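Please open the model in your viewer and keep the sequence panel in sight. The tour below goes from the whole chain to single residues.

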Amino acid sequence: QVQLVESGGGLVQAGGSLRLSCAASGSILRINAMAWYRQAPGKQREFVARITREDNTNYSVSVKDRFTISRDNAKNTWYLQMNSLKPEDTAVYYCNLDLATIVTPSKNYWGQGTQVTVSS
């Protein structure tokens, strides 16, 4: 089994910064990619950022140049540095882990979610 534990959410004023963390533990064979998604009230969950095993990154248009995804391989932990936050960034943020297992080349795991609230 694999567990993901998120931390770092909170309340911040517009223009401020927050850093989210997600730590993975358990039976980790090979990590394909680590990502962040978010879900605002009344909306579907949407992609935010992703970093692959080869360190390729991509971002949604709405956060590009403001958010940065990074990882610490030794700790199986990845981060989302969020700068210049806007009220529209308010959402529950979920970390996502794409793992290769012994039975499948790709399996997704999700964190429990952490609330980010940006006040205007």
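**The whole chain**

Begin with the surface display: the accessible surface of the protein is about 6,400 Å², and carbon and sulfur atoms account for 48% of it. Keep in mind that this is a predicted model.

Now switch to a cartoon view. The protein has 11 strands and zero helices, so read from the N terminus its elements run β-β-β-β-β-β-β-β-β-β-β. The radius of gyration is 14 Å, close to the 14 Å that the globule rule gives for 120 residues, so the protein is as compact as a globular protein of that length. Along the principal axes, the C-alpha atoms fill a box of roughly 45 × 25 × 25 Å.

Colour by accessibility next. Of the 120 residues, 42% are buried. If you display contacts between residues at least 6 apart in sequence, 54% of them join residues at least 24 apart.

**Strand 1 and its partner**

Select residues 2–7, which form strand 1, and show the side chains. Which of them are buried? Val 2, Leu 4 and Glu 6 are buried and point to one face. Gln 3, Val 5 and Ser 7 point to the other face and are not buried. In a regular strand the side chains alternate between the two faces of the sheet.

Add residues 18–26, strand 3, to the selection. Strand 1 and strand 3 run antiparallel and are joined by six bridges. To find your place in the pair, pick Leu 4, which stands opposite Ala 24 in strand 3.

**The disulfide**

Stay on strand 3 and select Cys 22 together with Cys 95. These two residues form a disulfide, with 2.0 Å from S to S, and the structure holds one such bond. Cys 22 belongs to strand 3 and Cys 95 to strand 9 (residues 91–100), so the pair links distant parts of the chain, 73 residues apart. What is the handedness of the disulfide? The torsion about the S-S bond is about 45°, so the disulfide is right-handed. Both Cys 22 and Cys 95 are buried.

**Asp 98**

Move along strand 9 to Asp 98. Is Asp 98 buried or exposed? Its relative accessible area is 12%, and under 20% counts as buried.

Show what surrounds Asp 98. Apart from its neighbours within four places in sequence, Asp 98 is in contact with Arg 30, Ile 31, Asn 32, Ala 33, Arg 50, Ser 106, Lys 107 and Asn 108. With Ser 106 there is a polar contact between the two side chains, at 2.8 Å. For a distance across the model, pick the C-alpha atoms of Asp 98 and Ala 49: they are 13 Å apart in space, and the residues are 49 apart in sequence.

**Two loop residues**

Finish with two residues in loops. Select Asn 76, in the loop between strand 7 (67–72) and strand 8 (77–82). Its phi is near 50°, a positive value in a residue other than glycine. Asn 76 is partly exposed, with a relative accessible area of 23%.

Then go to Ser 84, in the loop between strand 8 and strand 9. Phi of Ser 84 is also positive, near 50°, and this residue too is not glycine. Ser 84 counts as partly exposed, at 40% relative accessibility.

Conventions:
Residues numbered from 1 in each chain as written. Predicted model: local features only at pLDDT ≥ 70, side-chain atom pairs only at ≥ 80, totals over all residues. Heavy atoms only, no water. Buried < 20%, exposed > 50% of the residue type's maximum accessible area, 1.4 Å probe, protein only. Helix = DSSP H or I, 4+ residues; strand = E, 2+ residues; numbered from the N terminus. Pairing = 2+ DSSP bridges. Disulfide = S-S within 2.5 Å. Contact = heavy atoms within 4.5 Å. Polar contact = N/O pair within 3.5 Å; in protein donor to acceptor, adjacent residues only side chain to side chain. Rg over C-alpha atoms; globule rule 2.2 N^0.38 Å. Areas by Shrake-Rupley, 256 points an atom, 1.4 Å probe, with all protein chains shown as cover.
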